[in-house]
Amino acid sequence: MAQAGPRGTMTGPVFPQDSWVQVRYPLTREYEHADRAGWPWLPGWVVSVCGPDEWEICVQAPELATWHDGEDWYPTCFRDSSEIRLPEVEADLDRPAGPELEAQ
């Protein structure tokens with residue numbers, strides 16, 4: 001969790017723009033009404049840094065993709081550091097090298 005540092009600035013995890021992360025996000029409608037702590041960790045990437053402890057994330061889980069104008073579109077959300085983490089080491093070599101698909 002981020003803590004206030006000198007002059008009130010926040011210190012804690014830093015997730016740079018365009019970096020891969022995992023984010024808590026409801027995978028189904030049933031999850032939407034459940035406790036957020038029970039939401040699964042899904043792959044995503046940082047669209048933008050919005051503030052000292054807020055990021056806009058594109059959730060790039062295939063199950064959430066929608067088809068629009070001939071492209072896959074993925075949902076975006078705003079999260080603080082308690083709902084974002086660095087990706088776990090995976091052997092998934094099919095994952096794109098970086099964010100390259102449109103965010104919804």
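**Figure 1. Overview of the protein.** The secondary structure of this predicted model consists of one helix and nine strands. Along the sequence these elements follow the pattern β-β-β-α-β-β-β-β-β-β. The protein has 104 residues, and 34% of them count as buried. About 6,800 Å² of the protein is exposed, with 52% of that area supplied by carbon and sulfur atoms. Among contacts with a separation of 6 or more, 55% are between residues 24 or more positions apart.

**Figure 2. The five-stranded sheet.** Strands of a sheet pair through backbone hydrogen bonds, and the pairing can be parallel or antiparallel. Here five strands form an open sheet, and their order is β8-β5-β4-β3-β9. The pairing in this sheet is antiparallel. Which strands lie at the edges? They are β8, residues 76-79, and β9, residues 84-85, each of which pairs on one side only. At the β9 edge, two bridges join β3 to β9. One residue to look for here is Val-23, whose bridge partner in β9 is Ile-84.

**Figure 3. Strand β5 and its two neighbours.** On one side, β5 is joined to β4 by six bridges, and the two strands run antiparallel. β4 and β5 form a hairpin, with two residues between them. On the other side, β5 pairs with β8 over four bridges, again in the antiparallel sense. Trp-55 can be used to follow both pairings: Val-49 stands opposite Trp-55, and Trp-55 stands opposite Arg-79 in β8. Is β5 largely enclosed or largely open? Five of its six residues are buried, so the strand is largely enclosed by the rest of the structure.

**Figure 4. The largest nonpolar core.** In soluble globular proteins, nonpolar side chains tend to be buried together. The largest nonpolar core of this protein has 13 residues. Which of them touch the most other members? They are Ile-57 and Val-59. Three elements give two or more residues to this core: β3 (20-24), β4 (41-51) and β5 (54-59). The largest share, three residues, comes from β5.

**Figure 5. The surroundings of Val-59, and a second core.** Leaving aside residues up to four places away in sequence, Val-59 touches Val-23, Tyr-25, Leu-42, Pro-43, Gly-44, Leu-64, Tyr-74, Pro-75 and Cys-77. A second core of five residues is separate from the largest one, and includes Trp-20, Trp-45, Val-47 and Tyr-74. Tyr-74 therefore appears twice in this view, as a residue touched by Val-59 and as a member of the second core under the rule that core residues are buried and joined through side-chain atoms within 4.5 Å.

**Figure 6. The aromatic pair.** The count of aromatic pairs in the protein comes to one. Phe-15 and Trp-55 form this pair, which is edge-to-face, with 5.0 Å from centre to centre and 80° between the planes. Why does the pair tie together parts that are apart in sequence? Phe-15 lies in the loop between β2 (10-11) and β3, whereas Trp-55 lies in strand β5, so the pair links parts that are 40 residues apart in sequence. Both Phe-15 and Trp-55 are buried.

**Figure 7. Ser-19 in the loop before β3.** Ser-19 lies in the loop between β2 and β3. A polar atom of the Ser-19 side chain is 2.6 Å from the backbone oxygen of Pro-16. With residues up to four places away in sequence not counted, Ser-19 touches Gly-44, Trp-45 and Val-46.

**Figure 8. Gln-60 and Trp-45.** Gln-60 is located in the loop between β5 and β6 (66-68). Is Gln-60 buried or exposed? Its relative accessible area is 10%, so Gln-60 is buried, the limit being under 20%. The side chains of Gln-60 and Trp-45 make a polar contact at 2.7 Å. Trp-45 is also one of the residues of the second core.

**Figure 9. Asp-72 in strand β7.** Asp-72 is in strand β7, which covers residues 71-73. Its relative accessible area of 32% means that Asp-72 is partly exposed, since that class lies between 20% and 50%. Asp-72 and Pro-62 are ten residues apart along the chain, and their C-alpha atoms are separated by 8.9 Å.

Definitions and conventions:
Residues are numbered from 1 along each chain as its sequence is written. This is a predicted model: local features need pLDDT of at least 70, side-chain atom pairs count only at pLDDT 80 or more; totals for chains, interfaces and linings use all residues. Side-chain values use heavy atoms; hydrogens and water are left out. Buried means under 20% relative accessible area, exposed over 50%, partly exposed in between (1.4 Å probe, protein chains only). Contact means heavy atoms within 4.5 Å. Accessible areas come from the Shrake-Rupley method with a 1.4 Å probe; for residues, only the protein chains shown count as cover. Two strands pair if DSSP finds at least two bridges between them. Rings of Phe, Tyr and Trp (its six-membered ring) pair if their centres lie within 6.5 Å; planes under 30 degrees apart count as stacked, over 60 as edge-to-face and the rest as tilted. A polar contact is a pair of N or O atoms within 3.5 Å; within protein, one must be able to donate a hydrogen and the other to accept it, and residues adjacent in sequence count only if both atoms are side-chain atoms.
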